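Biologist: I'm new to this one, so please pick a single part and walk me through it slowly. A little about the whole chain to start with would help me find my way.

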Amino acid sequence: MDEVAKAIADPVRRQILEMLRNARLSAGEIAERFEISRPAVSRHLRVLRESGLVRDELVGRRRLYVLDAARFTELIEWLAPFVPPVGWERRLDALETEVHRTRRERRTAAHRHD
């Protein structure tokens, strides 16, 4: 998890991840979208590869970079308790609370009739 957090701490690396969200790209295609040098982009790609967020695939003679979003799972699970539920999550939490309350009331009522 720490390696992933460190990798996404840099804004250039976050931009690269965003680029790879919907497409496989070569290092050259990634580099041409930045004003930094190609070696600098290569260093960022190395950090992303080492963290497991990106893997490279050989397609013919081209090396394409691909996002591996599964590596976010542990970080997402750690962050989840810090984010209050919204939308459907909040409604489902409220429904769960209501179901538990109703069950408790039914058990209490059943014990009174015994």
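Modeller: Let's start with charge: the chain has 23 positive and 19 negative charges, and their mean positions are 2 Å apart. Lys and Arg are the positive ones here and Asp and Glu the negative ones, with His and the chain ends left out of the count. Each charge is placed at one atom: NZ of Lys, CZ of Arg, CG of Asp or CD of Glu.

Before going further, keep in mind that this is a predicted model: local features need pLDDT of at least 70, side-chain atom pairs count only at pLDDT 80 or more, and totals for chains, interfaces and linings use all residues. Numbering runs from 1 along each chain as its sequence is written, and side-chain values use heavy atoms, with hydrogens and water left out.

Now the whole chain. There are six helices and three strands, where helices (H or I, at least four residues) and strands (E, at least two) are DSSP runs numbered from the N terminus. Read from that end, the order is α-α-β-α-α-β-β-α-α. The C-alpha atoms fill a box of roughly 80 × 30 × 25 Å along the principal axes. The radius of gyration is 23 Å, whereas a compact globule of 114 residues would have one near 13 Å. That radius is taken over C-alpha atoms, and the globule rule is 2.2 Å times the number of residues to the power 0.38.

About 8700 Å² of the chain is exposed, and carbon and sulfur atoms supply 52% of that area; the areas come from the Shrake-Rupley method with a 1.4 Å probe, and for residues only the protein chains shown count as cover. Of the 114 residues, 25% are buried. Buried means under 20% relative accessible area, exposed means over 50%, and partly exposed is in between (1.4 Å probe, protein chains only). As for contacts (heavy atoms within 4.5 Å), take those with a separation of 6 or more: 52% of them join residues 24 or more positions apart.

The part to zoom in on is helix H4, which covers residues 38-51. Just ahead of H4 comes a loop from helix H3 (27-31), and Glu 32 sits in that loop. Glu 32 counts as exposed because its relative accessibility is 60%. Its C-alpha atom is 17 Å from that of Arg 21, with their positions 11 residues apart in sequence.

Stepping into H4, we meet Arg 38. This one is exposed, since its relative accessible area is 52%. Setting aside neighbours within four places in sequence, Arg 38 is in contact with Gly 28 and Ala 31. Val 83 is another story: 45 residues away along the chain, with 37 Å from C-alpha to C-alpha.

Ala 40 is also in H4, and at 14% relative accessibility Ala 40 counts as buried. Between the C-alpha atoms of Ala 40 and Phe 82 there are 34 Å, and 42 residues separate the pair in sequence.

Further along H4 is His 44, which is buried because its relative accessible area is 12%. Leaving out residues up to four places away, His 44 touches Asp 10, Val 12, Arg 13, Ile 16 and Ile 36. With Arg 13 there is also a polar contact, side chain to side chain, at 3.2 Å. A polar contact is a pair of N or O atoms within 3.5 Å; within protein, one must be able to donate a hydrogen and the other to accept it, and residues adjacent in sequence count only if both atoms are side-chain atoms.

At the end of H4 is Ser 51. With a relative accessible area of 1%, Ser 51 is buried. Its side chain reaches the backbone nitrogen of Leu 53 at 3.3 Å. Beyond its neighbours within four places in sequence, Ser 51 is in contact with Glu 3, Val 4, Ala 7 and Arg 71.

For a look outside H4, try Arg 106 in helix H6 (residues 88-113). Arg 106 counts as exposed because its relative accessibility is 63%. Arg 106 and Leu 75 are 31 residues apart in sequence, and their C-alpha atoms are 40 Å apart in space.
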